[in-house]
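Hi,

Here is the structure I promised to pass along. My notes on the cysteines and one of the pockets follow below it.

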Amino acid sequence: MLITVRFRGVLLSALLLSFVRPPVSNAQDVEPFKFFRDYVGLKEDQIATIRNGKAIARVIESRTSDEVFVFGSVYVQSTPEEYLKLASDIGELRKLPNYLAIRKFSNPPQLSDLEGFTLEPEDIKELKNCEPGHCDVQLPNEAMDGFKQSVNWSAPDTSNQVNRLGQKMALEALERYIQGGNAELGTYRDKHHPAEVAETFRSLLSRSKALPVYLPELDRYLLDYPEARSENIQSEFYWEKVNFGLKPTLRIVQAIVYRGPRSSDPAYAIAVKQLYASHYFETALDLTVCVRDQNNPERPGFYLITLKGSQQAGLTGLKGGIVRKVAVDRTRSSLERALGAIKQRLESRAD
């Protein structure tokens, strides 16, 4: 699984400044520096910080207040292959403090895969009175109706009933997505303004102008799964319980690994696409890209680049603006710490 703080979990070399720096005219066209300048808007001192091995994360301007985009990067003296091993190690992901539980789905997914996929007691109480436009758990209408009609709310085993039904609904929703793609992601109706997940995700992805330029295959796959196919892409499904907000959140995600077929391509791109979240995130995508150090091919080294994008409920208005600032600052600082920790772990393995 992917080491992102889904987090789950975006975007897309040079000598360190203590050595000889390439001429500016040449550096303008070398990746990832061109990407840093043209698509992220980094200044020369920020790029120098990354080249010197220090993790940096910054907030990228969004079109609306409910969108959040955070970029981060660090230079790692290791190989992209070692990062992929680390990012795919579910045992390592369990060690992160944000993760309360995580499990990979079988192929094909089974109901038994969802053991441990359980709601918090407060969420279970909320489900009893959920109505369209007023619910603390993100759900479509049919799910709200299902909980109301199928659960005996006066029985002593209410929690077990709710969790069993929730697991069944989650499995059915994943199976629909595997067959029909984004069109099957449904519509959240827990707030006053319904959120159609497929359209929300398409809008979020359109914010990244660099993705179709640098990774067109991955861009098509994210939008047109399962019709879009590529021999350079593999994907798996996970569920996770994470605690990156005010309350634990259940998520179902698709983890996608792209391998660059040419030496000029990024070595790997790892996308974590949210399919469902019980709170906060109406849609989310974490993209991590490994770009080999083109100026030092004789020694291992690569640029680890991450872009985290999401659309979140509750970030508009006066109160929402305060919540947004806290959420954005927390995301930026946690990404910077995570990149530093990944660098340390990978470089310690290389010693």
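Cys 130 and Cys 135 are linked by a disulfide, with 1.8 Å from S to S; a pair of cysteine sulfur atoms counts as one when they lie within 2.5 Å. By that rule the count is one disulfide. The torsion about the S-S bond of Cys 130 and Cys 135 is about 50 degrees, so this disulfide is right-handed. Cys 130 and Cys 135 are both buried, meaning under 20% relative accessible area (1.4 Å probe, protein chains only). Cys 290 is buried too, at 1% relative accessible area.

Before the pocket, some housekeeping. This is a predicted model, where local features need pLDDT of at least 70 and side-chain atom pairs count only at pLDDT 80 or more, while totals for chains, interfaces and linings use all residues. Residues are numbered from 1 along each chain as its sequence is written, and side-chain values use heavy atoms, with hydrogens and water left out.

Now the second largest pocket (on a 1 Å grid over the protein atoms alone, an open set of points where a 1.4 Å probe fits, with protein on both sides within 12 Å along at least five of seven lines). It holds about 540 Å³ of space, the volume being what probe spheres set on the points fill. Its lining has 28 residues, each with an atom within 4 Å of a point. Pro 140, Met 169, Ala 170, Ala 173 and Tyr 276 lie nearest the centre.

Cheers

Definitions and conventions: Buried means under 20% relative accessible area, exposed over 50%, partly exposed in between (1.4 Å probe, protein chains only).
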